[in-house]
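Let's take a walk through this structure together. Load it up, keep the sequence handy, and follow along.

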Amino acid sequence: MSLFSAYEYRKQPGFDMNAFHGANEAIPMKTLVIHCFDPRAVEIPKAVAEYFGDEVYPGENILDEAGNRIGHTRTLFSETNAGGRAAFALESVAAMDYLFSVQNVVVVHHSFCGTTTLTPELLIGEFRDHYHADIATMFDHDSLAIMDYEASLKHDVALLRSSPAVPKHVKLYGFFYEISTGKLTEVVRDIPA
Ligand SMILES: [Zn+2]
C-alpha cells in the first residue's frame, strides 16, 4: 500500500474490477461536450444542456449518511482543451465509455477562439525556431488551428466517427457558439441509423 492507495476503488473491500459494470447508477452521465478552455466559453456546457432539454447540468452531489460524495445528478460532462478539438479528447471518450454509457459526444467551437490567430505551420515553426523541438508529427495536424469553423466542426465530427475510441452507436454533434450572445448553432449532426 502506498500513501493514497486507500482512496482507490480497486482497493475497497468487496470491489471487484472484473465484475464492475460502470458507474451510471452513481452518476447518470450520457453526454460528453468537448469545448475550448477559453474562460469566455465557460457557459458552453450549460448552453448545450439547454439545447438538448433533457440533460441535468450542473446538477448536485449525492451524499451518503456520513457525508461522503457517492454520486452526482449531472448527465452532461465537459472536456476542455485548446480549441475544443476532438483529436485531443479521444482518450476521454474511451475512458468515459468504460465508466458510463456515453450516448452523445458534442464538439463546440467558439467565436474569436485563440486558435484562429495561427496556422498549424506557425505553431510547429515556433517550437522549431524557439525551442529546437519538433512537434510536427505529434498531433493531428488540422487540429492545431481552426482555419474555418464549418470545416473544423465537420473535421472533428468525422474524426470521432472514424475513431475506434468512439463506439459506433454514439450520436455526434458539432456546434458553433458565439461568446458574446451565447447563441449556439448546430452545424453537424451524425446520428447512426
Ligand atoms: Zn478557444
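β3 is a good place to start: with 3 residues, this strand makes the largest contribution to the lining of the largest pocket. Keep in mind as you look that this is a predicted model. The pocket has a volume of about 530 Å³, and two elements, β3 (69–72) and α2 (90–99), each give two or more residues to its lining. In total 16 residues line the pocket, and Y9, F15, F20, A23 and L99 lie nearest its centre. Sort the lining by class and you get 10 nonpolar, 4 polar and 2 charged residues.

Next, go to the zinc ion. Its protein donors are C36 through SG, H110 through NE2 and C113 through SG, at 2.0 to 2.3 Å from the metal. Along the chain these donors follow the spacing C-x73-H-x2-C. The two cysteines tie distant parts of the chain together: C36 belongs to strand β1 (residues 31–36), while C113 sits in the loop between β5 (104–110) and α3 (120–131), 77 residues apart. Are these cysteines buried or exposed? C36 has a relative accessible area of 5%, so it counts as buried, and C113 is buried too, at 2%.

Now for the packing. In soluble globular proteins, nonpolar side chains tend to be buried together. Here the largest nonpolar core has 22 residues, of which M29, V105, L160 and L172 touch the most other members. At least two residues of this core come from each of β1, α2, β5 and α4 (149–162), and α4 gives the most, with 4 residues. Another core lies apart from that one; its 15 residues include V48, Y173, Y177 and L184. Back at M29, leaving out residues up to four places away in sequence, the contacts are N24, R74, T75, F77, M96, F100, S101 and V102.

Finally, have a look at the backbone. The peptide bond from Y57 to P58 is cis, with omega near 5 degrees; P58 is in the loop between α1 (44–52) and β2 (61–63). Which residues other than glycine have a positive phi? One is F112, with phi of about 50 degrees, found in the loop between β5 and α3. F112 is exposed, with a relative accessible area of 62%. Another is H132, whose phi is near 50 degrees. H132 lies in the loop between α3 and α4 and is exposed as well, with a relative accessible area of 73%.

Conventions. Residues are numbered from 1 along each chain as its sequence is written. This is a predicted model: local features need pLDDT of at least 70, side-chain atom pairs count only at pLDDT 80 or more; totals for chains, interfaces and linings use all residues. Side-chain values use heavy atoms; hydrogens and water are left out. On a 1 Å grid over the protein atoms alone, a cavity is a set of points where a 1.4 Å probe fits but cannot get out, and a pocket is an open set with protein on both sides within 12 Å along at least five of seven lines; lining residues have an atom within 4 Å of a point. Grid points are joined across faces, edges and corners, and a volume is the space filled by probe spheres set on the points. Ala, Val, Leu, Ile, Met, Phe, Trp, Tyr, Cys and Pro count as nonpolar, Asp, Glu, Lys and Arg as charged, and the others, Gly among them, as polar. Donors are N, O and S atoms within 2.8 Å of the metal (3.2 Å for Na, K and Ca); water is not among the atoms, so sites may look incomplete. Buried means under 20% relative accessible area, exposed over 50%, partly exposed in between (1.4 Å probe, protein chains only). A nonpolar core is a set of buried Ala, Val, Leu, Ile, Met, Phe, Trp, Tyr and Cys residues joined through side-chain atoms within 4.5 Å. Contact means heavy atoms within 4.5 Å.
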